[in-house]
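Dear colleague,

I am passing on a structure for you to look at, with some notes on its cavities and on one helix pair. Please read the notes alongside the coordinates.

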Amino acid sequence: MEQTMGVESRDLSELNNGGAASLSLRGLSKRFVDEHAAHNQQVGTLAVDNVTLDVVAGEFVTLLGPSGCGKTTTLRMIAGFETPTAGTIHVGDRDITQVPANKRPISMVFQSYALFPHLSVWENVAFGLRLKRLSRRAIGDRVELALVTMNLMNQGNKSPRQLSGGQQQRVALARAMVMQPAVMLFDEPLSNLDAKLRAQMRSEIRTVQRRLGTTAVFVTHDQAEAMTMSDRIVVMNGGKVAQIGTPEQIYMRPNSVFVGDFIGQANFIDVDVISIADGMAEITVFDELIAAPTHPAVKPGDKARLLVRPEALALEEPTDSDSPIRRCTVVSSTYFGGSVEYDLDSAVGPLVATVSAGSEGLMGVLHRGAEVGLKVRPSQTWLLPSSERAE
Amino acid sequence: MSVKTTNGQSPAPLTAPGPERHGRSGQSRQRMQVTTVVALVIAVLLAFSFVLPIGSIFGHAFSAAGVASLTSLFTTTYGRELLIHTLVLGSLVGLIGTAVAFLMAYVHVRIKIPGKRILHFLSLLPVVSPPFAAAMSLIILVGTNGIFTRTFGIDIHLYGLTGMTASLVLAFFPVSYINLIGMLQHLDRSLDEAALSLGATPFSRFIKVTLPLMMPGLVASFLLFFVESLADLANPLVIGGSYDVLAKSVYQAVTTTADFDTAAGYALGLLIPGVLIFLIQRHWVTKRDVASVTGKPAGEIEVIKHGKSRVILGALAYIIGAIVIAVYLVIFLGGFVQYIGVDNTFTLANFHYVLFGVGLQPVRTTTILALIAAPLATVIGLLIAWLSIRHLRRLGGILDLLGMLGIAAPGVVIGIGYALAFGHSYSVGGHEVLPILATGGAVLGGQLALVMIFTVRSIPAALRAGSSSIAQLDSSIEEAATDLGATSFQTWRKVTLPLIRPAIMSGATYAIARSMTTFSPVIFITTANLLVISVAINNEVSAARYGIAFAYCSILILIVLIAIGIINIFNGRRSKKTGNATIMLAANRPESEVL
């Protein structure tokens, strides 16, 4: 096993003599002009609004957001399929904003794979190399290597239609990486696969990208994909960048209610801020004074919203001494094996709590109507300005 | 986007479309300019082929005599009769034709009976024959002195409305048949299953689910028959008797009195409804489509194997098949005898005349000109399709419309327009800028005008086949090629072209069939020295030399079948390698896209 790995990594370094490069977007905007109002540049939708992003060489960055947030348009501008209305795109030091798509050192893996149905797997992978007019031998070597890397050794002569979805995905990947691009783009490439294959391909893409050392920009609306694959995530909303950060930052320290709500499950509890010291705010939750880590924009005396992830809530046996505000009722429970998720009805409104099987506190699955006591783990919460303030 | 097909079927993309996809992809200015130039060149060519002829018709129609003939359609008894006759004929052919086409299509797709492949072949056969082949055959079979008429002593009074309806239905039902097959095959089976699971009986399911879903296709089929019978001149001449219709009046005005103004007036009376129906249908079909008929059939189509409906529908289909067999048997045998049904002496004289005698000229001319026009029409049609779908949405839409005019404008109208516009030369300041192109004294003996007519009449088929084929091509496939470093020309050559090759082939096939058999538009510009087969047949029929007419028919059918065979062999070898099922399916029914 060790030996195999060694061979593969040597091969891959050969494959990637193009070298990765950084990618930077400066004030990138795209306005789609309504065809019927072409004379008026102000009419139309601003699909991408002043996006600035620096991707370090070799980094894996994901553009994440709800559909229509501009992530795909941003990716298509990087690829060269859309012309930016404003802003620049640099690969390394080179400004490629005006470079046509076929001249960019960038390869894309398409959502639909976009394999050429009239060409064999081998010819698909060789397509770009042939256009480069490489020698027959060089093409053969590189295609072979790419196919081996993607575990497609004996599939070269097949037509793409004869392959399974996962194999087609691998061909698309091989076809892109064989070009030794400085940047690889992924447009929701896993959305057509079933759940199990998707998880497998996630790690495969990530492994290949790491070994090649290619810079990668990945577009998805699936937050699990974004969380598990990315070095950094760019959360987009309404054409704008909502937040850029590592998966942990995005999850634990979102900078707005939108991001907190979009990523993972979230409970928001409205609170009054009593005081703030050293990034910790004193607030009252369930009649209990707690100190919660806070976003710098929150000021003493503000109304703020406390983000409580489901796993930051602990359930306990209700005791008579509990104030009524801490008691709540189970509305429904969903058993996941490793954990149980509860929909709760509390004095502050509906809440979601996740209790993992191994955690302390209540054991067993509680059923509808059960009374429980609720406790917040302050260190796992995050105080955000109310959304009105944040906007 | 003008990719919706006439039968209301929406071409499904090969793969799920990505989000936020916008039609006009980022492209360099330079490429924009190239495509614009190509578009403009095509626009100018089409304008030259249409605007001048149609403009001439308007010019003559608004002369005193032209206006008089146009208004006479509403003011005089004879005019109103002409109009009513034309409408009655169109509606009858529309209704009966649609019924026949639907019957044959339904049997083909849904019912299991023996001999289905033969029925399918018989249903397609009329595509490759001239429009009046059926008329000639019916005259021999059930005409005043026909075989059946004499044998059974029953005269159905063929000449007139009866004969025209029958022969027009027989001549034009294949196109509608292919349309409806496509629709039936693409009906989502889960809808049927849903209806059944909700308690519908097979019959109520047919009435309440299948038929409503087919409505766009059935209406399209009705209009297709209507417009074709409006435009057809061959059948009124051969079998129309005293039942005068508009197309015939146009012809008579020209041939009996050489009164082009009157003819243009009548022609305008044909052109306006023809183009209107085309536009209405185009609009209507574009609007409603996707909702009912999905591109992806879910599962196998259920085939009826038992029951009363199978027996009844099967029997009806066999009857239609038998009629087609009888008609074509007469055509085939008719060439080998003196006068079939009257003097059945075997002779090879007819074929000798057609293949080695005076009759060879039309065969040679038609074949050569059709072979020139077919690639031209295919290339122009595909270019229009490509431009209007991928590049120039608005200008492309206009181009698409211009391209389709070749089918929207009735053949008689195009013919008279060509005679008027290109029958004389144009001079500016004493210098001849455009020589005579059509009729006597024209350059190249008028062959140029024939090629132009063949081409504009064939463009629509290539255009529709190309449109559906290109629309089905996920644009990300072309983007992938660009992404891998291909220039737009390389993308076109290495990806787009191979993938739409089946559409090209079928477009060319149809162009050849259409050019070889066309009659109404060319009769006005052919001369004794420059005949085409269909006009030659008409001349023989007028002179009651049926033997020679049938020999021409057989030779014509043979040539078209050989051309189709060659293309299919070539295409088959390719498609084994290419073989994208979806694309093939769409491309193999080019006529279906044509109104």
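For the helix pair, axes are lines fitted to C-alpha atoms, for helices over the stretch in contact, and angles run from 0 to 180 degrees between N-to-C directions; helices themselves are DSSP runs (H or I, at least four residues) numbered from the N terminus. This is a predicted model, in which local features need pLDDT of at least 70, side-chain atom pairs count only at pLDDT 80 or more, and totals for chains, interfaces and linings use all residues. Residues are numbered from 1 along each chain as its sequence is written, chains are lettered from A and ligands numbered from 1 in the order in which they are written, and side-chain values use heavy atoms, with hydrogens and water left out.

In chain B, helix α15 (residues 360–391) packs against α20(B) at an angle of about 140°, the two axes lying 8 Å apart. That angle makes α15(B) oblique to α20(B) (neither under 35 degrees, nor over 145, nor 65 to 115). The contact (heavy atoms within 4.5 Å) involves, among others, B:A370, B:A374 and B:W386 of α15(B) and B:I504, B:G507 and B:A511 of α20(B).

Turning to cavities (sets of points on a 1 Å grid over the protein atoms alone where a 1.4 Å probe fits but cannot get out), nine of 30 Å³ or more were counted. The largest has a volume of about 340 Å³, volume being the space filled by probe spheres set on the points, which are joined across faces, edges and corners. Its lining (residues with an atom within 4 Å of a point) comprises 22 residues, and B:P131, B:F172, B:E228, B:R514 and B:T517 are the closest to its centre. Helices α7 (161–186), α9 (202–231) and α20 (488–517) of chain B each supply at least two residues of that lining.

Best regards

How values were computed: On a 1 Å grid over the protein atoms alone, a cavity is a set of points where a 1.4 Å probe fits but cannot get out, and a pocket is an open set with protein on both sides within 12 Å along at least five of seven lines; lining residues have an atom within 4 Å of a point.
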